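Reader: I have the chain open beside me and would like to work through it by asking about single residues and about the way its helices meet. Please reason each answer through before giving the value or name.

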Amino acid sequence: MIFAIQEINRDSTLLPSVKLGYRIYDTCATHTQSLRSALASMTGEIEEVSSQDCEGSVFIPVIVGDSGSTQSMIIQRTLGPFRVPMVSYFASCACLSHRDKFPAFFRTMPSDAYQAQGVAQLVHRFGWTWVGSVAGDDDYGRNGIQAFSDEVRRLGVCIAFTEVIPKVYSRQKILQITEVIKASTARVIVMFAIEGDAYPLIREIVKQNITGRQWIASEAWVTSALIAARENLLSLTGTIGFAIHRGEIPGLRNFLLEAHPFKTPNNLFVKELWETIFKCSLKTSGSIKGNNASDATHSQCTGSEDLNSTYNIYSDVSQLRVSYNVYKAVYAIAHALHNLNSCKSGTGPNNTCANIFNFKPWQLLHYLKEVRYTTRLGESIYFDENGDPLASYDIINWQRKADGSVKYVHVGRFDAALGLEHDLQIKQENIIWHGNQISVPQSVCTDSCPPGTRKTVPKGQPVCCSECLLCPDGEISNTTDSLNCIPCAPEDWPNPLRNECIPKHIEFLSFEDTMGITLTTVSLLGTASTVGVAGVVWYYRRSPIIRANNSELSFLLLFSLALCFLCSLTFIGQPSEWSCVLRHTLFGVSFVLCISCVLAKTLVVLMAFKATLPGNNLMKWFGTLQQILSVLLCTAIQVVTCLVWLLLAAPFPVKQTKYYKDKIIFECDLGSVTAFCCVLGYIGFLACISFVLAFLARKLPDNFNEAKLITFSMLIFCAVWLAFVPAYASSPGKYAVAVEIFAILASSFGLLICIFVPKCYIILLKPEQNTKKHLMGRTSQQKA
């Protein structure tokens with residue numbers, strides 16, 4: 001501040017012919033001393049550490065300070081009614097932006113509202129959703145951490161814990177906060193606290209060797225040389241935080257090196273600085289007090305010590321941040337005074353101009369509100385309607401030098417003037433995180449929910465502490481941390497990871513399936529067997545056993561059985577309009593033809609027996625032609641039924657999704673269930689008649705009839721189709737088709753084996769029984 005004032009006093013263009021003076025008060029960072037110093041400046045009471053004589057009133061029209069937010073609030077509440085302006089260089093609490101409460105407050109330090117916003121964006125940028133927070137017990141700490149918490153919650157970040165460092169040191173409280181940090185799963189900790197409040201906690205963190213935490217620092221301690229000491233870096237390496245914008249002040253270092261206790265003997269600051277740096281005492285030997293052991297052991301200062309001969313923080317001007325704010329505050333006041341002094345009549349406050357050597361604080365307040373100037377570094381300085389500057393921060397990262405000391409590395413910038421989407425600019429590749437890691441550390445309450453799951457928050461838990469539930473059947477999620485699962489289309493189904501909908505597997509009884517191959521083989525085997533039996537019957541068609549059992553109906557029956565075996569093939573393969581029509585109609589007609597032949601053979605047996613009785617002449621009315629016509633008539637009824645079925649509601653292929661969730665059943669819809677039942681019913685009706693007639697004729701002479709064989713074949717036929725109905729109804733999809741094919745093949749094999757195998761057995765293996773004499777002999781024995 002003194003350097004800036006001297007620089008202004010030497011400037012011929014700024015406040016010409018006017019010299020600025022000052023008084024410096026040490027507030028000791030306490031509330032009471034701050035208020036006392038402010039009141040002393042108002043009343044003219046001399047309590048300055050350093051002063052320069054000024055002409056005019058001893059009344060101080062403007063205050064540079066205070067550094068603390070709480071102290072600034074106390075001073076403004078006292079001096080505000082008198083419109084005494086204050087320009088603070090370090091008070092950052094957003095609460096000081098309320099113009100109705102603090103009408104005369106200005107600052108060159110950005111409001112914490114912007115810092116909290118920037119820190120929240122920083123946390124969100126790196127994907128940290130579970131962070132701890134620590135605040136100092138003052139307006140700066142409490143308001144800063146509250147603003148940060150409100151902002152990150154809006155961004156979906158959860159606060160794991162919030163601890164407050166006591167203003168008055170309490171080891172018990174410090175230990176409690178330390179235990180909370182150790183126990184928490186949060187690996188990122190944001191701390192809004194001034195250097196003096198943060199230091200005891202950091203010291204305990206280092207003492208207990210707590211590492212693996214990523215510290216996010218507020219501007220109040222991010223450049224603290226006390227906290228950034230090399231013995232603390234094991235726990236604090238990688239700390240990243242917002243720092244006040246750094247500035248260069250040409251000539252300041254030389255000015256600082258000119259400080260000497262003999263030049264300003266009344267400046268207690270210089271005296272303490274000299275003794276601390278050179279570890280000597282400026283007190284005479286007679287004035288050394290025994291209660292200060294350090295004074296007693298230090299040698300006497302000679303005055304020849306050189307500040308330039310040793311490196312120390314005092315002369316290090318590489319990190320001018322708070323000092324740069326002081327520099328800008330003094331120049332803002334100087335420009336306001338310059339405008340006041342340059343006032344033209346009728347343009348000042350209340351259309352009056354003030355005398356620069358005798359003006360009121362409220363008159364200077366008017367010009368401070370309108371001040372705008374550009375620093376030597378090209379930075380534009382002005383105050384908004386709340387007395388705040390345009391917010392701009394440097395983002396710095398603590399990295400370890402080769403000698404073990406800290407290095408402040410500039411890794412980004414936050415500039416509110418760039419807008420919400422561009423205000424935070426970070427060079428992530430330049431950041432070294434805690435533990436000297438180059439990868440971004442993780443800090444989440446629970447891991448992210450991968451695609452295929454949805455995130456749900458258990459009752460009573462923070463929103464960031466979620467559970468991952470697998471998407472239900474038929475639904476997917478294709479983004480991380482999805483809150484809802486998306487249903488797939490009816491023709492699609494989730495893949496095993498449930499992160500993509502894929503077409504459902506279309507199922508039908510294929511010729512390539514094991515089941516399809518087996519049934520096809522059995523069907524062809526049945527057809528071949530039928531053809532083989534037909535060949536045997538044809539070859540031995542003139543033998544007595546064939547002629548005695550109506551060879552014409554036998555050949556027609558074998559033909560219908562071949563059709564029954566072959567019709568099962570139409571049930572295999574991908575359904576189409578033609579296959580759906582063919583499979584049901586061919587099945588219905590071929591089986592009616594088959595059962596009609598069996599029925600006709602049964603009637604022939606009965607009529608042939610009746611014809612042997614005296615006076616009975618039935619066989620002449622039921623000869624071969626009548627038998628074939630009766631078979632065709634019965635079949636024609638089924639053909640008509642099938643035609644009506646096809647005309648009114650023909651079967652058609654359909655893809656069913658109701659049976660299974662994860663696959664589509666490609667099957668033939670019956671079209672009309674009633675028609676299908678009529679077809680089956682008619683077959684069952686003929687089968688029942690054949691069974692009853694054959695059962696009645698079962699005790700007739702074996703040489704002339706097949707009643708017993710027909711009875712047994714019809715018994716198998718009816719049993720198969722009675723079992724088919726419930727099995728078909730309970731087996732959807734290709735298994736239903738397989739059940740139907742099995743019923744067709746089983747009933748066909750039943751008829752073939754029961755009716756024709758015994759004949760082939762006699763023909764091929766017992767030829768001695770295939771003679772008319774043998775048949776007649778047995779008949780005579782049975783009649784006797």
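Reader: Does glutamine 117 count as buried or exposed?

Author: This is a predicted model, and the answers that follow should be read as describing that prediction. Glutamine 117 is found in helix α4, and, leaving aside residues up to four places away in sequence, it touches Glu151, Phe414, Leu420 and Asp423. Its relative accessibility is 17%, and since buried means under 20%, glutamine 117 counts as buried.

Reader: How are α4 and α5 oriented to each other, parallel, antiparallel, perpendicular or oblique?

Author: The axes of helix α4, residues 112-125, and helix α5, residues 139-154, come within 8 Å and cross at roughly 45°. In this crossing α4 passes α5 in a right-handed sense. An angle of roughly 45° is neither under 35 degrees nor in the range of 65 to 115, and the two helices α4 and α5 are therefore oblique.

Reader: Which residues of α5 does α4 meet, and how many residues of the contact are charged?

Author: From α4, the residues Asp112, Gln115, Ala116, Gln117, Val119, Ala120 and Val123 take part, and in α5 they meet Tyr140, Gly144, Ala147, Phe148, Glu151 and Val152. Sorted by character, the residues of this contact of α4 with α5 include eight that are nonpolar and three that are polar, while the number that are charged is two.

Reader: At what angle do the axes of α2 and α3 cross, and how many residues of their contact are nonpolar?

Author: Helix α2, residues 31-43, and helix α3, residues 69-79, have axes that come within 9 Å and cross at roughly 40°, and α2 passes α3 in a right-handed crossing. On the α2 side the contact uses His31, Ser34, Leu35, Ala38, Leu39 and Met42, which meet Thr70, Gln71, Ile74, Ile75, Thr78 and Leu79 in α3. The residues of the contact of α2 with α3 comprise no charged ones and five polar ones, and those that are nonpolar number seven.

Reader: How many residues of α3 are buried, and against which elements do they pack?

Author: Eight of the 11 residues of α3 are buried, so this helix is largely enclosed by the rest of the structure. The buried ones are Ser69, Thr70, Gln71, Ser72, Met73, Ile75, Gln76 and Leu79. These buried residues of α3 pack against α2, β1, β2 (86-88), β3 (105-107) and α5.

Reader: Which residues does the cis peptide bond before α3 join, and what is its omega?

Author: Aspartate 66 has its place in the loop between β1 (63-64) and α3. The cis peptide bond joins glycine 65 and this aspartate 66, with an omega of about -5°.

Reader: How does the distance between the end C-alpha atoms of α19 compare with the span that its residues should have?

Author: Helix α19 runs over residues 673-696 and so has 24 residues, which at 1.5 Å a residue should span 34 Å. The buried residues of α19 include Ala675, Phe676, Val679, Tyr682, Ile683 and Leu686. The end C-alpha atoms of α19 lie 34 Å apart, a distance that agrees with the expected span of 34 Å.

Reader: How is α18 oriented relative to α19, and how many polar residues does their contact hold?

Author: The axes of helix α18, residues 624-649, and α19 come within 10 Å and cross at roughly 170°. Because angles over 145 degrees count this way, α18 is roughly antiparallel to α19. The contact is made by Cys634, Ile637, Gln638, Thr641, Cys642 and Trp645 of α18 together with Ala675, Phe676, Cys678, Val679, Tyr682 and Ile683 of α19. Of the residues in the contact of α18 with α19, 10 are nonpolar and no residue is charged, while the polar ones number two.

Reader: Is serine 17 buried or exposed, and what is its phi?

Author: Serine 17 has its place in the loop between α1 (2-10) and α2. At a relative accessibility of 76%, serine 17 counts as exposed. Serine 17 is a residue other than glycine with a positive phi, and that phi is near 65°.

Reader: What is the phi of asparagine 209, and is this residue buried, exposed or partly exposed?

Author: Asparagine 209 is found in the loop between α7 (195-207) and β7 (214-217), and its phi, near 55°, is a positive value in a residue other than glycine. With a relative accessibility of 48%, asparagine 209 counts as partly exposed.

Reader: What separation do the C-alpha atoms of glutamate 429 and threonine 30 have?

Author: Glutamate 429 lies in the loop between β15 (424-426) and β16 (453-456), and it is exposed, with a relative accessible area of 65%. Along the chain, glutamate 429 and threonine 30 are 399 residues apart, and their C-alpha atoms are separated by 42 Å.

Technical notes
Residues numbered from 1 in each chain as written. Predicted model: local features only at pLDDT ≥ 70, side-chain atom pairs only at ≥ 80, totals over all residues. Heavy atoms only, no water. Helix = DSSP H or I, 4+ residues; strand = E, 2+ residues; numbered from the N terminus. Buried < 20%, exposed > 50% of the residue type's maximum accessible area, 1.4 Å probe, protein only. Axes fitted to C-alpha atoms, helices over the stretch in contact; angles between N-to-C directions. Left-handed = near helix turned anticlockwise from the far one by under 90°. Contact = heavy atoms within 4.5 Å. Nonpolar A, V, L, I, M, F, W, Y, C, P; charged D, E, K, R; others polar. Expected span 1.5 Å × (residues − 1).
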